[in-house]
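Colleague: I should like to learn how to read the features of a protein model bound to DNA. May we go through one together?

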Number of protein chains: 2
Amino acid sequence: MTEHESGPVTLMDVANEAGVSLATASRAFNGSMTRKVSEDLRERVFIAAKKLNYSANAPAQAMARGHTNVVGLIVHDIADPYFSSIAAGVMKAAEEHRLLVTLGSTMRRPERELEYLAALRGQRSRAVILAGSRVDDTRLLAALREEVEAFERSGGRVVVISQQKLAVDTVILENRRGARDLATELAGLGYRRFAVLAGPERLLTARDRLQGFSSGLSKAGIGAPLVVQGEFTRDGGYAAMTQLLDAKATVDCVFAVNDVMAVGAMAACRDRGLRLPRDLALAGFDDIATLRDQTPGLTTVRLPLEQVGALALELVVTADGPTPRQRRIRGEVIMRASTPAKR
Amino acid sequence: MTEHESGPVTLMDVANEAGVSLATASRAFNGSMTRKVSEDLRERVFIAAKKLNYSANAPAQAMARGHTNVVGLIVHDIADPYFSSIAAGVMKAAEEHRLLVTLGSTMRRPERELEYLAALRGQRSRAVILAGSRVDDTRLLAALREEVEAFERSGGRVVVISQQKLAVDTVILENRRGARDLATELAGLGYRRFAVLAGPERLLTARDRLQGFSSGLSKAGIGAPLVVQGEFTRDGGYAAMTQLLDAKATVDCVFAVNDVMAVGAMAACRDRGLRLPRDLALAGFDDIATLRDQTPGLTTVRLPLEQVGALALELVVTADGPTPRQRRIRGEVIMRASTPAKR
DNA sequence: TTGTACGCGTTATCAG
DNA sequence: CTGATAACGCGTACAA
C-alpha cells in the first residue's frame, strides 16, 4: 500500500492520506494548546500515520519550534563508574519525560566541555547537564561562562552537577562536608596518622574533599595529613599509593579522594604485600556500585549517583523561572571493614 | 559590539558582518565541493563568525542536507561496565570524526530498542549502533527488522554489535568460539565437573556462550555441564551461584557466562564461606575493566570492548556500499588465579 | 568566483 | 474547528 514513495513519509503525506489539511494533521499530534481538533479527524490522522509508519522529522520541528527534545550530558569519562551511574540516572529520568540524551565524554580534558557545549548549542539542545567537577582555572571558567551564556541566549538551560561556579541551576555535592564527616568518624575510631591520596589540584571536587578531610582532622585535634597527588583514576590511585608506600611514612589510615583511586590503592597494597585493614586502613568517596565486590569492604562516603543524575534532569524539565536553583546532596559516611576501630 | 541582538546569531548575521552574501558564507564553511571561495573572503567570514560566536543551526542544516551528524548508540544498560566500555570506544571514535552521539539505554527491555530506533529515525540520525545482544523472539525480530528498514529508508545506516541477525553491518563477537576455547583450556587444566551460570535463555549472547562451552566440554570428552539460569547481571550471578551451592552438586569449576555474573558469583561464594580457587574454580567472559581489581584474578575470555565500540563507529563512517559487511572479533582466553591447574 | 532564489518539513498566525 | 500561508536557517542549483 505504501507504493513506491521515494523519500521518507512526511506530515503532508499523512494529511493527504487522512484527507485533512497539513495544519490539522500537525495539530492532531501536538494540539496541546487548547485541544481543538475534533476527535473524528484526530482519529483519522492517527490511523493514517500508523499506516504510513510516520515519524515526525525532528530537525524540521526544531526549526519551526526553535528548540528540540534533546538534552546534552557531558561527563569526564563515561567508562568511569561514577559517571556511568549518573548517566544511568539521567537516562531513566529522560525516558520518563520522552527526552533524548546526547552524550559528551571529555576524556578529562576540560576544554572539551566548551566544544561540546558549542556543538550542543548548534543542535539547539533544550538543555545540557555538566556532570563533572569544575576546575580551578580562571581563563577556562571565563570561557565556560561565556559559552554557557551563549547557550542560554540560544534558548537552552544549563544544569551543573558538583560545584556552584556558574549562575545556573546546580546540584551541589557536599564534598567538603562529607569528607569532614568521614575524618571525624575515622578519628573517633582511633586513627591518628593520616595520609590523603589527593586528585589533581585543579579539580575542585578533589580539592574540596582534601580540604574537608583536613578540616575534620584538625577539628579532632589531629595535624595535617600527608598528601600525595595522583590522577583522579584507578591508576592514579595505584601510583599515589605506591609513592606513599615508597616514602615509608608512618601512616595508619589513608583517604583516597574517590573510590576508583581507592580501588587502585588497594591493588597497590596487595602488590606490595600489605594486608588491609591489618597493616593499613583505607577509605574512599562516592560509593560506586563496584565497591560492594571489593574485599575488604571499603569505607566511603555515599553519594546517591543515580538520584543525582535523575535530579539534574528534573531540574532541566522544571526549568522556567530565571532564578538559578540549587539542590544540595549530602554524602553519607558508610563504615566498612577497611577501617575497623583501632585496638 | 554584539549590540542587543535578540535571537541566536545566524549565518546571515555572519554574512552581513563579513560583507558577503549568505551563499558565500555558507560555502566558506562547507566548501568541500571543489573549494572555490577565495581565501580572502573565507578569512573574513571566519573572523566574523568567531567575533559573533556563531554556531551553525544543526536542525536547519539537517533540513537542508537531509541528514545529521548524530549517531545513535543503543545499549542495554549504560551502568554496566561492558556497555560503558563499548560506549567509551564509540565516543572516542565519534570525536575523531566530529560526530555527536545520542545514547539510548533500554534497561534490558528489548522493545525499547524499537522505540529508540523510531526516535532516532525522527532525528534523522546518520546511523545507529545497536550494541546489545539480539534476543530469540521471532515477533520482536520481525518488528526490529521493519524498524531497521524504515530507518535505512530514511537514509540512515544501522550497525549491530553481537550477532548477525539483520542484513546490516555487524561486528560479530565470536562468543561461541571463545567459550569453546575456554572450556578446552579448563578441561586441559584437569577440571571435570562443570556448572554454568547461564543468562536468560532468549539472550543470544548468553545462549551462544553456553552452547560453545558445552561443545568444548563435549569435545574434551566431558559430559554436559550443570546449568543454572540467572539474570545477565551481578545480582543474577549471585542468585544463580547461591542456587547452585544450595543444590550441593559436586562441581569443581563454574563458568559464568559474563563477568558481571561471575563477580556476583564470587560474592555468593564469599558469603557462603567458600574460598576461591581452593574450594571451587570460576571463570567469566568479557574481561571488563573492573576485573583487575578482583581477587583472586578471574579467568575470562577477553573481548576488546573499546575497540569493538570504535570499530562499530568506523563501520558507520565508512558506510557507502550497500553490502552488509561483517567484522569478526575473537575472544582471547585469559587464564588467571581463579582457575589454577588441578593437583 | 559570487550572488539570487528556491526548497527542506513543521509550527504557528491569521482568516474563514 | 479547519484551512491557507508565512516563517524558521541553511544548502545549493542556477544565473551572473
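Modeller: Let us begin with residue classes: Ala, Val, Leu, Ile, Met, Phe, Trp, Tyr, Cys and Pro count as nonpolar, Asp, Glu, Lys and Arg as charged, and the others, Gly among them, as polar. Please bear in mind that this is a predicted model. By these classes, the surface near DNA strand D has 16 nonpolar, nine polar and three charged residues.

Colleague: Which residues come nearest to DNA strand D?

Modeller: Among the 28 residues around DNA strand D, the nearest are A:Ala23, A:Lys36, B:Thr10, B:Leu11 and B:Ala64. Two or more residues of this surface come from each of helix 2 and helix 4 of chain A, and from each of helix 1 (11-18), helix 2 and helix 4 of chain B. Helix 2 of chain B gives the most, with six residues.

Colleague: Which residues come nearest to DNA strand C?

Modeller: There, 27 residues surround the strand, and A:Leu11, A:Ser26, A:Ala64, B:Ser21 and B:Ala23 come nearest. The surface near DNA strand C has 16 nonpolar, nine polar and two charged residues.

Colleague: How should I read the relation between chain A and chain B?

Modeller: Two copies of a chain are related by a rotation about an axis and a shift along it. Here, a turn of 180 degrees and a shift of 0.1 Å along the axis lay chain A on chain B with an RMSD of 0.2 Å. The two copies are therefore related as by a two-fold rotation axis. In chain A, the C-alpha of A:Thr102 is nearest the axis, at 1.8 Å.

Colleague: How many residues of each chain are in contact with the other chain?

Modeller: The contact involves 42 residues of chain A and 42 residues of chain B. On the side of chain A that touches chain B there are 23 nonpolar, 14 polar and five charged residues. The copies meet through the same surface, because 100% of the interface residues of chain A are also interface residues in chain B. Strand 2 of chain A pairs with strand 2 (residues 100-105) of chain B in the antiparallel sense over three bridges, and A:Thr102 stands opposite B:Thr102.

Colleague: How may one check the length of a helix?

Modeller: One compares the expected span with the distance between the end C-alpha atoms. At 1.5 Å a residue, the 16 residues of helix 9 (residues 204-219) of chain A should span 22 Å, and the end C-alpha atoms are 22 Å apart, which agrees. Several residues of this helix are buried, including A:Leu210, A:Phe213 and A:Leu217. The buried residues of helix 9 pack against elements of chain A that include helix 8 (175-189) and strand 4 (157-162).

Colleague: What should I look for in the backbone angles?

Modeller: Most residues other than glycine have a negative phi, and most peptide bonds are trans. A:Asp286, however, has a positive phi near 125 degrees and lies in the loop between strand 9 and strand 10 of chain A. The peptide bond from A:Thr295 to A:Pro296 is cis, with omega near -5 degrees, and A:Pro296 is found in the loop between strand 9 (281-283) and strand 10 (300-302) of chain A.

Colleague: Is A:Asp286 buried or exposed?

Modeller: A residue is buried if 20 or more other C-beta atoms lie within 10 Å of its own. A:Asp286 has 27 such atoms within 10 Å, so A:Asp286 is buried. B:Arg108, whose phi is positive and near 65 degrees, has 18 C-beta neighbours inside 10 Å and therefore counts as partly exposed.

Methods
Residues are numbered from 1 along each chain as its sequence is written. Chains are lettered from A and ligands numbered from 1 in the order in which they are written. This is a predicted model: local features need pLDDT of at least 70, side-chain atom pairs count only at pLDDT 80 or more; totals for chains, interfaces and linings use all residues. Two residues are in contact if their C-beta atoms, placed from the backbone, lie within 7 Å. Two strands pair if DSSP finds at least two bridges between them. Helices (H or I, at least four residues) and strands (E, at least two) are DSSP runs, numbered from the N terminus. A residue is near a molecule or strand if its C-beta atom, placed from the backbone, lies within 6 Å of it. The expected span of a helix is 1.5 Å times one less than its number of residues. A residue is buried if 20 or more other C-beta atoms lie within 10 Å of its own, exposed if 12 or fewer, and partly exposed in between; C-beta atoms are placed from the backbone. Copies are superposed by least squares on the C-alpha atoms of residues with pLDDT of at least 70 in both.
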